[in-house]
Amino acid sequence: IKNSLKGLGAYDATQFYRGRLYVLVDALMDHTYSDPDSQLPKVCNFLGRVLELIALWFEIAPGNLGDYLGSLSNDSFMYDEDIAISHCASEFTDILRKIFFGDKRCQRFYQIALPLRKFDVPVDFATKTERVNPMYSQLINFINEFGSYGGFSHILTLLKMNSEKPPSAEDPSLPLELAEPILAPFSQVTAIISPEFADGFVLTVKEVIERKIRNMSTKELKDMDKDVVSKLFHDVQDLIKIVDSNENAELFLYNMELSLSLKFINSPFLEKKLKGINEIKECIERIDSGIGHSHGGPGGSEDEANTKFMIRWLVENKIVEVIIGENSHLEIIKRCSDILRFLARNHALTGESLEFFWKSSRNKHEAFVRVVYGALIEVATSLSESALDMLFGNIKDTPFEEYDEKMIVFVREFTLNALRVAHDEYDHLYDEDLTDDEEAPSKEDNVKDKWYGIPILWELAQDDSPVSQTLGTLALNSLTDLL
């Protein structure tokens with residue numbers, strides 16, 4: 001501690017900090033003591049010095065961060081003491097997790113270690129409440145001791161380092177995957193963290209994580225471990241609950257998940273794009289199944305609020321346009337039907353988006369065109385009649401000379417689904433309550449002129465149509481199937 005963790009040399013520092021000290025803390029907290037009254041005070045004194053050592057490591061960590069990130073793919077920690085010390089991150093954060101009640105094997109330590117060592121500090125970082133078991137008094141002492149050494153302040157400094165801009169080799173920033181093990185120990189003890197202290201600490205953590213998502217570099221995105229980052233979001237959600245409502249804590253989690261999905265979709269990596277699409281689909285599935293988060297504010301049902309929140313997010317971030325933009329891929333289109341149908345059945349899929357989607361197949365290879373047609377056929381069952389009319393307007397504008405087997409099959413399947421929608425809308429109208437003076441319109445009147453692709457297929461089947469005999473026969477068979 002007096003030498004700022006230095007003086008052992010690279011090899012011995014690695015062996016001691018990451019080996020003997022780590023094992024010793026674990027053993028002390030899991031040990032069965034023969035004379036706890038005399039032994040435990042010494043153990044608590046030692047663990048207090050360990051917390052001081054770890055707080056000091058957090059203090060010097062910003063100066064070593066660049067070397068640490070640059071040494072992840074080599075063995076320089078074996079001969080450079082500063083780098084060796086920086087590589088103690090996982091062991092030191094796991095020691096914190098053990099001391100701060102995050103390891104079940106070590107939790108029984110607090111059943112015997114009643115408040116044996118009170119550390120007086122000017123600010124309570126942790127405090128006892130009525131719902132806290134008295135046996136956790138020593139845990140409260142340890143948290144306050146860590147705070148008195150500047151541990152929480154040093155953590156914030158490390159988290160905030162260069163978070164205002166995308167990181168670089170010259171201006172490194174703490175990766176989100178490293179932020180998770182740093183914050184995880186404190187998400188375990190939210191019941192005893194002082195709300196007064198947490199108010200400033202948690203707000204800063206929340207702002208930093210949001211900023212890191214916004215300023216994430218392409219390299220960070222490529223190398224990201226999504227599962228670890230998801231754990232980080234849940235850790236911060238637990239911290240937010242100390243100072244804010246459960247609803248706002250869930251809103252943070254939801255926003256972070258969606259923001260990261262948007263980053264994935266906009267990335268140049270197909271694997272990440274597909275991951276982003278799947279994440280959004282999972283959010284929609286949770287909403288449809290009624291297990292999503294509530295984000296709608298006052299008024300209305302929870303399901304309605306969740307739906308409105310998701311629609312607003314999809315529209316504001318132009319997800320449809322991003323999915324089918326210039327850099328789109330057929331694997332992305334294959335996975336987007338659920339998103340399109342969600343927007344369509346909630347009357348949020350605009351005519352512009354549909355037209356953009358339709359035109360995205362122009363001048364593309366056959367496999368891409370088939371996928372686009374397939375997605376439009378699927379979404380047709382969820383479109384309103386007016387949206388179907390608008391989309392069919394684009395189909396009618398396609399010259400017969402451009403028709404091929406794919407287009408004829410598309411017209412047939414689109415027409416089948418569109419006619420079903422038109423008839424369903426009539427049935428819905430007929431089921432509504434009518435006054436004595438009102439009379440439901442006949443189905444023939446309601447679907448009059450709603451033949452969609454049937455006239456097209458009829459014209460293509462004629463002997464004088466500009467398509468080949470093979471396509472004409474396909475059009476005739478398709479017409480027969482529909483009729």
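Let's start inside. Ten names to look for: Asn-162, Ser-163, Lys-165, Pro-167, Ser-173, Leu-174, Leu-176, Lys-212, Asn-215 and Glu-220 form the lining of the largest cavity. One caveat before going on: this is a predicted model. That cavity holds about 60 Å³ of space. By class, its lining has three nonpolar, four polar and three charged residues.

How many cavities of 30 Å³ or more are there? The count is two. The second largest cavity has about 40 Å³ of space. Its lining consists of Ile-265, Lys-273, Ile-277, Val-322, Ile-323, Asn-327, Ser-328 and Ile-332. Which elements give two or more residues to this lining? They are helix 14, at 270-288, and helix 16, at 319-323. Sorted by class, the second largest cavity is lined by five nonpolar residues, two polar and one charged.

Stay in that part of the sequence for a moment. Ser-267 sits in the loop between helix 13, residues 246-265, and helix 14. Is Ser-267 buried or exposed? It counts as buried, because its relative accessibility is 4% and the cut-off for buried is under 20%. What does its side chain reach? The backbone oxygen of Phe-264, at 2.7 Å. Now set aside neighbours within four places in sequence. Ser-267 is then in contact with Leu-221, Lys-272 and Lys-273. Lys-273 is also one of the residues lining the second largest cavity.

Now the pockets. The largest has a volume of about 520 Å³. It is lined by 20 residues, and the closest to its centre are Leu-69, Pro-175, Lys-219, Glu-220 and Asp-223. You have heard Glu-220 already: it is in the lining of the largest cavity too. Where does the pocket lining come from? Helix 2 (36-70), helix 9 (176-187) and helix 11 (218-223) each supply at least two residues. Helix 2 gives the most, with four. By class, the lining of the largest pocket splits into eleven nonpolar, five polar and four charged residues.

Next, the second largest pocket. Its volume is about 260 Å³. Which residues line it? Trp-358, Ser-361, Arg-362, Asn-363, Lys-364, Val-369, Tyr-373, Thr-398, Glu-402, Asp-404, Lys-406 and Met-407. Helix 20, at 366-380, supplies at least two of the lining residues, and so does helix 22, at 405-431. The class split for this pocket is four nonpolar, three polar and five charged.

Last topic: backbone angles. Most residues other than glycine have a negative phi. Here are two with a positive value. Take Ser-4, where phi is near 55°. Ser-4 lies in the segment before helix 1, which covers 10-30. Its relative accessible area is 30%, so Ser-4 is partly exposed.

Then Lys-318. Its phi is positive, about 50°, although it is not a glycine. Where is Lys-318 found? In the loop between helix 15, residues 302-316, and helix 16. Lys-318 has a relative accessible area of 52%, so it counts as exposed, given that exposed means over 50%. And helix 16, on one side of that loop, is an element you met earlier, in the lining of the second largest cavity.

To recap: two cavities of 30 Å³ or more, a largest pocket of about 520 Å³, and a second largest pocket of about 260 Å³. Add the buried Ser-267, and the positive phi values of Ser-4 and Lys-318. That's the tour.

Definitions and conventions:
Residues numbered from 1 in each chain as written. Predicted model: local features only at pLDDT ≥ 70, side-chain atom pairs only at ≥ 80, totals over all residues. Heavy atoms only, no water. 1 Å grid on protein atoms, 1.4 Å probe; cavity = no way out; pocket = protein on both sides within 12 Å on 5 of 7 lines; lining within 4 Å. Points joined across faces, edges and corners; volume = space filled by probe spheres on them. Nonpolar A, V, L, I, M, F, W, Y, C, P; charged D, E, K, R; others polar. Buried < 20%, exposed > 50% of the residue type's maximum accessible area, 1.4 Å probe, protein only. Polar contact = N/O pair within 3.5 Å; in protein donor to acceptor, adjacent residues only side chain to side chain. Contact = heavy atoms within 4.5 Å.
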